[in-house]
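Dear colleague,

Please find below the sequence and structure for your records. My notes on the structure follow.

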Amino acid sequence: APLTVKSFPLGQLQSIKKELPAAPACTKSISILPLSLDFEAPIERKKEASLNLFDALDLPLSFSGFTSCPQYEFSTLYLNYSSHRECISLLKQLIRQGALPTEEIKLMDTKENLNGLFTINGLKKPLFYLYTLLPPIFSSLCKSGENYMITREEQRYYLYTYNESEQLPLSVELNFYHIHKPYTLTIKRLIEERSCINYWSQLNFKNNITQKEYDYILAMSTPQVSFSTLPIGEHCEIGLQLSPKEILCIEMEELST
């Protein structure tokens with residue numbers, strides 16, 4: 001997915017902004033989500049929020065080969081199922097309420113409940129990876145809106161947002177202000193096309209996947225990771241495009257000098 005970075009030296013923000021070219025005409029409707037973080041702005045509110053679900057669960061991190069249901073039940077169970085829609089719903093609750101409904105989350109899917117961290121045969125779902133993207137504890141909420149949240153923990157900032165659309169991409173415009181120290185950005189994406197459900201469906205939801213197939217699915221379904229930097233300056237603009245139902249996490253870590 002495309003990523004653009006524009007940095008503006010101290011004292012030159014206004015003059016450079018005026019020289020930026022107009023956006024080209026686009027025949028396909030793409031929503032734009034403008035987000036900003038001012039490193040000099042006061043913290044919106046301080047709170048101690050524990051998000052570590054893994055402490056409460058004994059997770060089987062290796063393949064365990066569950067085959068308790070016939071193959072036709074697997075395909076019926078996950079027909080038209082969107083694990084990313086479920087993840088976005090939970091992320092919405094975290095952003096709006098400051099807490100996750102951990103009582104609704106199960107260790108593994110069942111025929112009655114698909115809110116598991118693992119599929120019914122032991123594959124790691126997007127929900128599992130969503131929890132790995134959340135910091136165990138955050139103590140300061142810097143900024144939040146209807147569909148995004150920026151938190152701070154010591155020398156790190158975390159930004160979370162998502163594209164709720166089922167069909168259209170979302171253009172995210174990130175603007176950072178008053179950057180007095182350089183930061184490394186670790187950009188993590190949860191993409192629905194890369195979910196274990198999607199890859200398992202390519203195997204016709206067979207119930208006896210091999211260790212090799214499991215390893216391939218595991219490697220392909222982990223979050224997509226890339227890096228960028230945030231240089232010292234008055235303003236830096238970063239552009240990202242999210243695919244439908246994609247979830248984005250950016251970890252900003254202050255570089256030590």
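**Confidence of the model**

Residues 56–68 stay under 50 in pLDDT (the predictor's confidence in each residue, from 0 to 100), and the model has 25 contacts for them beyond four places in sequence, a contact meaning heavy atoms within 4.5 Å. Over residues 10–27 pLDDT is likewise under 50, with 13 such contacts beyond four places in sequence. Where pLDDT is low, the predicted coordinates should not be read in detail.

This is a predicted model, in which local features need pLDDT of at least 70 and side-chain atom pairs count only at pLDDT 80 or more, while totals for chains, interfaces and linings use all residues. Residues are numbered from 1 along each chain as its sequence is written, and side-chain values use heavy atoms, with hydrogens and water left out.

The protein chain has an average pLDDT of 80, and 75% of the residues score at least 70. Among its elements, strand S10 (residues 183–190) has the highest mean pLDDT, 96, and helix H1 (residues 13–19) the lowest, 36. Helices (H or I, at least four residues) and strands (E, at least two) are DSSP runs, numbered from the N terminus.

**Helix packing**

Helix H3 (residues 83–97) packs against helix H4 (residues 126–133) at an angle of about 35°, with the axes 9 Å apart. Axes are lines fitted to C-alpha atoms over the stretch in contact, and angles run from 0 to 180 degrees between N-to-C directions. H3 contributes Ser83, His84, Glu86, Cys87, Leu90 and Leu91 to the contact, and H4 contributes Pro126, Leu127 and Leu130. By class, six of these residues are nonpolar, two polar and one charged (Ala, Val, Leu, Ile, Met, Phe, Trp, Tyr, Cys and Pro count as nonpolar, Asp, Glu, Lys and Arg as charged, and the others as polar).

Yours sincerely
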